[in-house]
Amino acid sequence: QVQLVESGGGLVRPGGSLRLSCAASGSIFSINVWGWYRQAPGKQRELLATSIPGGGTNYADSVKGRFSISGDTAVNTVYLQMNSLKPEDTAVYYCNAYVRRLGDVSFQPYWGQGTQVTVSS
């Protein structure tokens with residue numbers, strides 16, 4: 001089985017920063033795409049950023065220039081550095097990875113459990 005575990009959420013003042021981490025574990029052969037999403041109350045889940053190991057990154061307009069996705073393939077971990085946080089960034093943040101398990105030939109999506117980020121003075 002494969003598990004994704006997020007950490008690093010919490011309460012931060014407007015203008016502050018947080019760094020989220022997402023560690024994947026289990027019978028992993030490779031990961032070809034990482035993603036960070038968020039979901040605020042009453043809203044749909046929103047894609048924020050994607051990263052292809054050894055490739056490029058993409059960002060939603062809402063976070064471009066403020067958030068940065070990076071990864072450490074050696075430990076199957078992805079990070080989301082969030083700067084200049086705003087109250088409207090308050091949401092549950094989820095990581096997602098497309099994982100090829102040992103013995104499998106295809107990639108399947110996996111999700112973390114989510115971590116709450118609250119931006120408030």
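These legends go with close-up views of a predicted model.

**View 1. Leu 11 and its partners from far along the chain.**
Here we're looking at Leu 11, which sits in strand S2, residues 10-12. Setting aside residues up to four places away in sequence, Leu 11 touches Thr 118 and Ser 120. Thr 118 is 107 residues from Leu 11 along the chain, yet their C-alpha atoms are separated by just 4.7 Å. Even with those contacts to Thr 118 and Ser 120, Leu 11 counts as exposed, because its relative accessibility is 66% and the cut-off for exposed is over 50%.

**View 2. The disulfide between Cys 22 and Cys 95.**
The count for this model comes to one disulfide, and this is the pair: Cys 22 and Cys 95, with their sulfur atoms 1.9 Å apart. The link ties together distant parts of the chain, with Cys 22 in strand S3 (residues 18-26) and Cys 95 in strand S9 (residues 91-101), 73 residues apart. As a reminder, a disulfide is a covalent bond between the sulfur atoms of two cysteines. Turn about the S-S bond and you get 45°, which makes the link of Cys 22 and Cys 95 right-handed.

**View 3. The surroundings of the two cysteines: buried or exposed?**
Start with the S3 end of the link: Cys 22 is buried, because its relative accessibility is 0%. Over at the S9 end, Cys 95 also has 0% relative accessibility, so Cys 95 counts as buried too. The cut-off for buried is under 20%.

**View 4. Asn 76, a loop residue with a positive phi.**
Asn 76 lies in the loop between strand S7 (67-72) and strand S8 (77-82). Its backbone is the thing to look at: phi of Asn 76 is near 50°, a positive value in a residue other than glycine. For background, most residues other than glycine have a negative phi. Asn 76 counts as partly exposed because its relative accessible area is 24%, and that class runs between the 20% and 50% cut-offs.

**View 5. Ser 84, in the loop between S8 and S9.**
Move on to the loop between S8 and S9 and you'll find Ser 84. What is the phi of Ser 84? It is near 50°, so here is another positive value in a residue other than glycine. As for the surface, Ser 84 has 42% relative accessibility and therefore counts as partly exposed.

Methods:
Residues are numbered from 1 along each chain as its sequence is written. This is a predicted model: local features need pLDDT of at least 70, side-chain atom pairs count only at pLDDT 80 or more; totals for chains, interfaces and linings use all residues. Side-chain values use heavy atoms; hydrogens and water are left out. Helices (H or I, at least four residues) and strands (E, at least two) are DSSP runs, numbered from the N terminus. Buried means under 20% relative accessible area, exposed over 50%, partly exposed in between (1.4 Å probe, protein chains only). Contact means heavy atoms within 4.5 Å. A disulfide is a pair of cysteine sulfur atoms within 2.5 Å.
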